[in-house]
Amino acid sequence: MKKILLMLFFLLCITTITEAEELSNYPIWKEYEQIVGKTDGSAVYYTITLEQDQRVTFTFQHIGDAKLQIWTSDDQAITISIKDLDSDSSSHYVDLRAGTYKVSIRDASVTNKPVDYAISYKLSDVGSYDLEKNNSIEQANRIPLNTRIVGNLDSDFYSTDDYYRIDIPNRSILTLQTDVLFNSKENANLVGFTLYDKDLQIIGRVNSSYRFDSSIKQFVDAGTYYVKVDVSNANESTIDYAFTISAEKVDPTLLTETGKNVNDKNAMNLPFNQLLHGFFYSDWGYSNTHDYFKIHVPKDGTIQIKYDPELIGGHLRLQGDNNFHVLKGNYKEKTPTILETKIKAGTYDLEAFASLYFEGFSPYTLVVRMQSFTDVPFSHLYYEQIETIKNRNIITGYPDGTFNPNGVIKREHVFKMLAAVDEITFSKVRTATEFSDVSVTNPYYEQIKLMYETGIIDGDQGKMNPKSSLTRAQLAKILVNAFDLKLNGKVKNFSDVSPSDWSYTYIQILASNGITTGSNGKFLPNEPVTRQHFALFLARCLESLE
């Protein structure tokens, strides 16, 4: 029986031979010309010239065990090995860059026996992205997104790697999806795919076999990235591979890991109160199941770190000066790890890592928070909303470090906070008026004046009552005016708000925008607004603008 084994040997890197003095020693082999002969135990040489990048298809006829080598330097070649042809002829193609090449024919074994040969070739357009030479970063072939890339690797001792370049136009989730090794018959065959950024830092690695495909997912910025394809293990002489790169655009304001932060040296800064998104991946021979961060704590206090792996259990390790060390974790799938500890001001090292072995990739989120007010712990029902308002410098709390969430909020404090909201457009609709209970020496005089001039508040019989509380109905009117809210969707009825009430329309507008949900079917329009509920209303108003 005859069959062909095609092996591509990429020896280190491929450099086109152009030395005229050497090439002139060998016969010129022209397209469609069939060369026929018999070696004497050593190689015979020819030259072929490509005026442009082209596909070279060699046709072998009545040939013994032999190898054809396309030399790209004195010691580097692309090799096609032929053994026991299945039929009278067989073909194999190679996509080559323009240039002049030395071609040799010799016995395929190490015994250098004489071998008969009859070979021709023809040229055609390049038909793949695996254009040789592409065995280094500098020679990487540029490939498009969303296109299946098919290539071939040799598993010989002298095998080299294939490199590709991909340009990502936007901040994206980059996905490298591999195919099964479609022409492979051995489970031991493994092809590795490594993803590099422009600085040649590894940001992902997976293997593919004839039994399974794999994928890498990573958050990336716009820029240039590289894919290296290599033989991880092989029981066959040549292995075909295929992969596809896609990029899903993400919000540029989204906080994501860099992909480089896989060790202490490349730890990324983790800011407070911003949800970070990342990926872990695990594969034969290479994995990233540990990410590293720096946390800069501005003051003594209590912090909470929440780490939520989507598919795997997770651990957190926090370390700092003076032997500070805290470890927290779990081994349960889809269960967040929460580390909460008292801490001194300073810089700390945070390591987030997977607790369980897994194959593939697992998304995760990570957030670090600091307790801003002693009376608003992380478990507080409105912690997130109060922190949102605080982090926007709209509220500061009291000098003793408290927020007094259950305290009734004063009207003057509401006006001060609204004046600090950047999203509110303060367009003057009327001239200022004097209120008998607001003098120019009042610390909130300017904010109260601004609220009146822009039509957000009206006052009551020449007074503003700045030290008084305000009802939920009054707050509804103020927020609708301040944020210029409109009815948005279906009207929500509350049992304690009648259509004849002066505040009915304002309350309906708030509810239709998801800013209020009421309590047990009631809105409680005459109840005074607490500080925590004002923070909740205001945070929801800001969310409605996003």
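L538 is buried in this predicted model, with a relative accessible area of 0%. The residue sits in helix α7, which covers residues 531-544. What does L538 touch once its neighbours within four places in sequence are set aside? The contacts are I389, I394, L418, V421 and F483. I389 is worth a second look: 149 residues separate I389 from L538 along the chain, yet their C-alpha atoms are 7.8 Å apart.

That contact leads straight to helix α2, residues 383-391, where I389 is one of the buried residues. The others in that helix are Y383, Q385, I386 and E387, so the buried set includes a glutamate and a glutamine as well as I389, going by the under 20% cut-off for relative accessible area. Just after α2 comes N393, with a positive phi near 60 degrees.

Zooming out, the protein chain has seven helices and 28 strands. Of its 546 residues, 49% count as buried. Take the contacts in the chain with a separation of 6 or more: 76% of them are between residues 24 or more positions apart. As for the outside, the accessible surface comes to about 26,000 Å², and carbon and sulfur atoms account for 47% of that.

Now for the strands. One open sheet is built from five strands in the order β9-β11-β16-β13-β14, with mixed pairing. β9 (141-142) and β14 (202-208) are at its edges with a single partner strand each, so one side of each has no neighbour in the sheet. Further in, β13 (residues 190-196) runs antiparallel to β16 (residues 223-233), and seven bridges join the two. Across from Y196 is Y226 in β16.

Another open sheet also has five strands and mixed pairing, this time in the order β19-β22-β27-β24-β25. Its edge strands, β19 (268-269) and β25 (324-329), each pair on one side only. Here β27 takes part in two antiparallel pairings, one with β22 and one with β24. Strands in a sheet are held together through backbone hydrogen bonds, in either a parallel or an antiparallel sense.

The antiparallel pairings described above line up like this:

| Strand | Partner | Bridges |
|---|---|---|
| β13 (residues 190-196) | β16 (residues 223-233) | seven |
| β24 (residues 314-320) | β27 (residues 346-354) | six |
| β22 (residues 290-297) | β27 | eight |

Which residue of β27 is the bridge partner of H290? That is F353, and F353 is also the bridge partner of H315. Elsewhere in β27, L350 is the bridge partner of L318.

Finally, the empty space. Rolling a probe the size of a water molecule over the atoms shows where such space is left. How many cavities of 30 Å³ or more turn up? The count is one, and the largest cavity has a volume of about 60 Å³. Its lining is made up of A432, T433, E434, F435, V438, Y445, I448, K449 and Y452. By type, that lining splits into six nonpolar residues, one polar and two charged.

Note on methods
Residues are numbered from 1 along each chain as its sequence is written. This is a predicted model: local features need pLDDT of at least 70, side-chain atom pairs count only at pLDDT 80 or more; totals for chains, interfaces and linings use all residues. Side-chain values use heavy atoms; hydrogens and water are left out. Two strands pair if DSSP finds at least two bridges between them. Helices (H or I, at least four residues) and strands (E, at least two) are DSSP runs, numbered from the N terminus. Buried means under 20% relative accessible area, exposed over 50%, partly exposed in between (1.4 Å probe, protein chains only). Contact means heavy atoms within 4.5 Å. On a 1 Å grid over the protein atoms alone, a cavity is a set of points where a 1.4 Å probe fits but cannot get out, and a pocket is an open set with protein on both sides within 12 Å along at least five of seven lines; lining residues have an atom within 4 Å of a point. Grid points are joined across faces, edges and corners, and a volume is the space filled by probe spheres set on the points. Ala, Val, Leu, Ile, Met, Phe, Trp, Tyr, Cys and Pro count as nonpolar, Asp, Glu, Lys and Arg as charged, and the others, Gly among them, as polar. Accessible areas come from the Shrake-Rupley method with a 1.4 Å probe; for residues, only the protein chains shown count as cover.
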